[in-house]
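Visitor: Please show me the model, and then take me through its helix packing and its pockets.

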Amino acid sequence: MRIAFGADDENEATRAVLDYLSGLGEVVRVAGDDPWPRIGAAVGRAVTEGRADFGVVMCWTGTGTAIAANKVPGVRAALAWEPWIATGARLWNDANVLALSLKRLAPDVAVEVARAFFETPRPDPDEAENIARISELEPGQSPSR
């Protein structure tokens with residue numbers, strides 16, 4: 001598995017998450033010293049262009065990088081602060097980018113959230129129609145009924 005990773009700061013939480021991710025496969029660091037909007041977009045593009053299977057973004061709240069990543073067509077970035085949210089993001093939304101706060105999550109909690117995200121291998125088949133509806137919201141797509 002290839003995971004695109006970007007953060008606008010480095011601390012114990014980012015290091016813990018990176019350590020966990022490196023055990024899952026190849027971690028591709030993108031947008032090194034760029035501001036958080038570019039980091040989010042760069043991780044999103046890495047996922048949608050096939051250079052990574054998933055992405056993880058981290059900024060102070062996680063919100064900014066999630067918003068920026070979600071501007072990239074095909075990205076479904078989810079901000080999660082506990083494992084249940086991360087699991088649900090994969091199951092019910094087929095999230096392909098995980099956004100985390102690097103200021104409000106303790107390192108062990110950040111890893112638990114990432115673990116929940118990555119241990120949920122595929123979306124719930126019962127949500128396939130709703131997940132397809134998300135893609136229909138992107139520019140140039142026509143909605144189905």
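**Helix packing and the largest pocket**

Guide: In this predicted model, helix α2 (residues 36-48) packs against helix α3 (residues 63-70) with the axes 7 Å apart and at an angle of about 50 degrees.

Visitor: Is α2 parallel, perpendicular or oblique to α3, and why?

Guide: The angle between the two helices is about 50 degrees. Angles under 35 degrees count as roughly parallel, and 65 to 115 as roughly perpendicular. The angle falls in neither range, and therefore α2 is, relative to α3, oblique.

Visitor: Which residues of α3 are met by α2?

Guide: The crossing of α2 past α3 is right-handed. By class, this contact has five nonpolar, three polar and no charged residues. From α2, the residues W36, P37, G40 and A41 take part, and in α3 they meet G64, T65, A68 and A69.

Visitor: Which residues lie closest to the centre of the largest pocket?

Guide: The largest pocket holds about 220 Å³ of space. Its lining has 15 residues, and those closest to the centre are N70, V75, R76, A77 and I134.

Visitor: How many residues of the lining of the largest pocket are charged?

Guide: Both β4 (77-79) and α4 (83-93) supply at least two residues of this lining. By class, the lining residues comprise nine nonpolar and three polar, and the number charged is three.

Visitor: What is the phi of D94?

Guide: D94 is placed in the loop between α4 and β5 (97-101). Although D94 is not a glycine, its phi is positive, at about 50 degrees.

How values were computed
Residues numbered from 1 in each chain as written. Predicted model: local features only at pLDDT ≥ 70, side-chain atom pairs only at ≥ 80, totals over all residues. Heavy atoms only, no water. Axes fitted to C-alpha atoms, helices over the stretch in contact; angles between N-to-C directions. Helix = DSSP H or I, 4+ residues; strand = E, 2+ residues; numbered from the N terminus. Parallel < 35°, antiparallel > 145°, perpendicular 65-115°, else oblique. Left-handed = near helix turned anticlockwise from the far one by under 90°. Contact = heavy atoms within 4.5 Å. Nonpolar A, V, L, I, M, F, W, Y, C, P; charged D, E, K, R; others polar. 1 Å grid on protein atoms, 1.4 Å probe; cavity = no way out; pocket = protein on both sides within 12 Å on 5 of 7 lines; lining within 4 Å. Points joined across faces, edges and corners; volume = space filled by probe spheres on them.
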